[in-house]
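Please look over the sequence and the model below before reading on. The report that follows takes up a few strands, some backbone angles and a surface patch.

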Amino acid sequence: MIIKKISLENIRSYKNGEIGFPRGSTLLSGDIGSGKTSVLLAIEFALFGLEKGSLSGNSLLRMGEKTGSVKLEMEISGKNIIIERML
């Protein structure tokens, strides 16, 4: 599986954001509170949804918002796959 791009709407610190991942290894770095963990949690949510006792929708949703979404674009065995989940 190769992650190509993630789009976030009202996910934690991201109002609207899109991050492209180049081929190869990617390092997420930044100051505390810059959104590194938010990206990883959004990928987990896109792949596995909300797991009871682990990740809650309220912990992902941007404060004060009622809806949010994650769109994950990836490549698996040469096929482009898009997963989109809504909160």
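Is N10 buried or exposed? N10 is buried, with a relative accessible area of 6%, where buried means under 20% relative accessible area, exposed means over 50%, and partly exposed lies in between, with a 1.4 Å probe and protein chains only.

This is a predicted model, in which local features need pLDDT of at least 70 and side-chain atom pairs count only at pLDDT 80 or more, while totals for chains, interfaces and linings use all residues. Residues are numbered from 1 along each chain as its sequence is written, and side-chain values use heavy atoms, with hydrogens and water left out.

**Backbone angles**

Most residues other than glycine have a negative phi. N10, which is not a glycine, has a positive phi of about 55° and belongs to strand β1, residues 2–11; strands here are DSSP runs of type E with at least two residues, numbered from the N terminus. R12 is likewise not a glycine and has a positive phi of about 45°, but its place is the loop between β1 and β2 (14–20), and at 32% relative accessibility R12 is partly exposed. S77, in the hairpin of β3 and β4 with two residues between the strands, takes a positive phi near 50°.

| Residue | Phi | Place |
|---|---|---|
| N10 | about 55° | strand β1 |
| R12 | about 45° | loop between β1 and β2 |
| S77 | near 50° | hairpin of β3 and β4 |

**Strand β3 and its partners**

Strand β3 (residues 69–76) has six of its eight residues buried, so it is largely enclosed by the rest of the structure. Strands count as paired if DSSP finds at least two bridges between them. Seven bridges join β3 to β1, and the two run antiparallel, with I3 standing opposite M74 in β3. Eight bridges join β3 to β4, again in an antiparallel arrangement, and here E73 has I82 of β4 as its bridge partner.

S69 lies in strand β3 and is buried, at 8% relative accessibility. Leaving aside neighbours within four places in sequence, S69 is in contact (heavy atoms within 4.5 Å) with S7, L8, E9, I11, E84, R85 and M86.

**Towards the surface**

I81 sits in strand β4, residues 79–86, and is partly exposed, with a relative accessible area of 30%.

Terms used
Helix = DSSP H or I, 4+ residues; strand = E, 2+ residues; numbered from the N terminus.
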